[in-house]
Amino acid sequence: MNIVVCAKQVVDVGEIKVNPSSGKPMLEGIPKKISDIDKNACEEAIKVREKVGGKVTVLTVGTPDAKERMKELLAMGADNGVLVTVPDKADHLVTSTLISKAIQKMGGADLIICAEASIDQFSGQIGPRVAGLLNIPQLTYCYKVTAEPQKLTAERNLGDRLVTSESSYPVLVTVTKEVNQPRLPSLMQILGSAKKPIEVWGTSDIGAADLKPGIETIDIKGVAMSRKNIVFKDDLDESVSKLADSLSKEGLLG
Ligand SMILES: Cc1cc2nc3c(=O)[nH]c(=O)nc-3n(C[C@H](O)[C@H](O)[C@H](O)COP(=O)(O)OP(=O)(O)OC[C@H]3O[C@@H](n4cnc5c(N)ncnc54)[C@H](O)[C@@H]3O)c2cc1C
């Protein structure tokens, strides 16, 4: 089974500070990492391979430095990587088109796994768009995946109901954080990941040189959050009661 995990390099959003005068997020020097739920996507891909056999390819559309982050997923157990270098401007249409064209260049995939959403932009668009572009079924918001050689069953959290769905292959699955606990690679696996291949493809290598984004980001402003710094130091029961009173006064409890 050919399994592709779509993984995005993001800035560590927990580290972002907002410039108080301009309101702009300060991104200089912020460490980058693989988007959190993409590690769950990779873990699930490895589990499927362990059960039914095959190969796991990590696919990233990103800047050249993403190669280093992709190695974390190769250390977890993915077999190889493909990095499509992203043009300067890339909206969701561009990113999903590059992903689908890269998968076509690979000769297709039986199973494509994305996260339900990335931790930075959190649009949740990429998985469904890729399935649409490849004209294959999609199972979104999966918190449990059971792969068998001929079909895949997924339990999905659709907010107000839990739905069990089944699909033949090829299929695209988007997973939630609850689907598994990503494994921590050993030192040997981290060292071994350096030997696993990561191919780098430009947009012209996948027949997508002329792609233009339809959407331009005009401005981004962070929302500064200030804490009230109220500390309850009484004994536990009294503190809980005071906390409940405070939350109630703020209108946060019904
Ligand atoms: C250099 C650069 C320039 C950009 N310029 C613009 C711009 O001008 N205008 C604009 O609107 N946006 C721009 N973007 C943002 C980009 O379009 C989005 O990050 C991308 O479309 C994904 O959107 P999302 O994070 O909401 O994905 P979601 O749909 O929330 O992601 C869901 C899942 O899809 C997969 N996925 C998402 N993105 C990728 C990826 N890049 N590679 C592999 N898998 C992925 C992952 O599994 C992810 O968890 C730019 C990004 C980069 C890196």
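Helices and strands here are DSSP runs, numbered from the N terminus; a helix is H or I over at least four residues, a strand is E over at least two.

**Figure 1. The whole chain in a predicted model.** The secondary structure comes to six helices and 13 strands. The C-alpha trace spans about 65 × 45 × 40 Å along its principal axes. The chain has 254 residues, and 37% of them count as buried. Among contacts with a separation of 6 or more, 70% join residues 24 or more positions apart.

**Figure 2. Two domains along one chain.** Domain 1 covers residues 2-206. Domain 2 covers residues 224-254. Taken over C-alpha atoms, the centres of domain 1 and domain 2 are separated by 39 Å.

**Figure 3. The largest nonpolar core.** This core holds 32 residues. Leu111, Leu152, Val173 and Val175 touch the most other members. Several elements each supply at least two of its residues. Among them are the helices α1 (36-52) and α2 (66-76). The strands β1 (2-6), β6 (55-62), β8 (111-115), β9 (138-147), β10 (152-157) and β12 (171-175) do so too. A second core is separate and has 22 residues, including Val84, Ile99, Ala131 and Trp201.

**Figure 4. Close-up of Leu152 and its contacts.** Neighbours within four places in sequence are left aside here. Leu152 then contacts Leu111, Leu139, Val145, Thr146 and Ala147, among others. Its contacts also include Ser165, Glu166, Ser167, Tyr169 and Val173. Two of these partners, Thr146 and Ser165, get their own views below.

**Figure 5. Thr146 in strand β9.** Thr146 has 29% relative accessibility, so it counts as partly exposed. The limits for that class are 20% and 50%. Not counting residues up to four places away in sequence, Thr146 touches Lys51, Lys151, Leu152 and Thr153. Ala208 lies elsewhere: Thr146 and Ala208 are 62 residues apart in sequence and 34 Å apart in space, C-alpha to C-alpha.

**Figure 6. Ser165 in strand β11.** Strand β11 runs over residues 162-167. Ser165 counts as buried because its relative accessibility is 13%, and buried means under 20%. Its side chain makes a polar contact of 3.0 Å with the side chain of Arg156. Arg156 is also among the residues that Ser165 touches, with those up to four places away in sequence not counted. The others are Leu139, Leu152, Thr153 and Ala154.

**Figure 7. Helix α3 and its cover.** Helix α3 spans residues 92-105, which makes 14 residues. From first C-alpha to last it reaches 20 Å, close to the 20 Å expected at 1.5 Å a residue. Its buried residues are Val94, Thr95, Ser96, Thr97, Leu98, Ile99, Ser100, Ala102 and Ile103. Strands that cover the buried residues of α3 include β1, β6, β7 (80-85), β8 and β13 (198-201). Helix α4 (126-134) is also part of the cover. Gly107 follows α3 and has a positive phi, near 95 degrees.

**Figure 8. Residues around the ligand.** There are 28 residues around the ligand. Lys8, Asp38, Ala90, Ser118 and Ser123 come nearest. Several pairs involve an oxygen atom of the ligand. A polar backbone atom of Ile126 is 2.8 Å from a ligand oxygen. For His92, a polar side-chain atom lies 3.1 Å from a ligand oxygen. For Asp91, a backbone N or O atom lies 3.4 Å from a ligand oxygen.

**Figure 9. Ser118, in the loop between β8 and α4.** Ser118 is one of the residues that come nearest the ligand. With 13% relative accessibility, Ser118 counts as buried. Its side chain and that of Asp120 are joined by a polar contact of 3.0 Å. A polar atom of the Ser118 side chain also lies 3.3 Å from the backbone nitrogen of Gln121. Beyond neighbours within four places in sequence, Ser118 is in contact with Lys8 and Ser35.

**Figure 10. Helix α6 and its two ends.** Helix α6 covers residues 236-249. Its 14 residues should span 20 Å at 1.5 Å a residue, and its end C-alpha atoms are 20 Å apart, which agrees. Asp235 caps the N-terminal end of α6. A side-chain oxygen of Asp235 lies 3.1 Å from the backbone nitrogen of Asp237. Just after α6, Gly251 takes a positive phi of about 80 degrees.

Key. Residues are numbered from 1 along each chain as its sequence is written. Side-chain values use heavy atoms; hydrogens and water are left out. A nonpolar core is a set of buried Ala, Val, Leu, Ile, Met, Phe, Trp, Tyr and Cys residues joined through side-chain atoms within 4.5 Å. Buried means under 20% relative accessible area, exposed over 50%, partly exposed in between (1.4 Å probe, protein chains only). Contact means heavy atoms within 4.5 Å. The expected span of a helix is 1.5 Å times one less than its number of residues. Domain bounds come from an automatic or database domain assignment. A residue is near a molecule or strand if one of its heavy atoms lies within 4 Å of it. A polar contact is a pair of N or O atoms within 3.5 Å; within protein, one must be able to donate a hydrogen and the other to accept it, and residues adjacent in sequence count only if both atoms are side-chain atoms.
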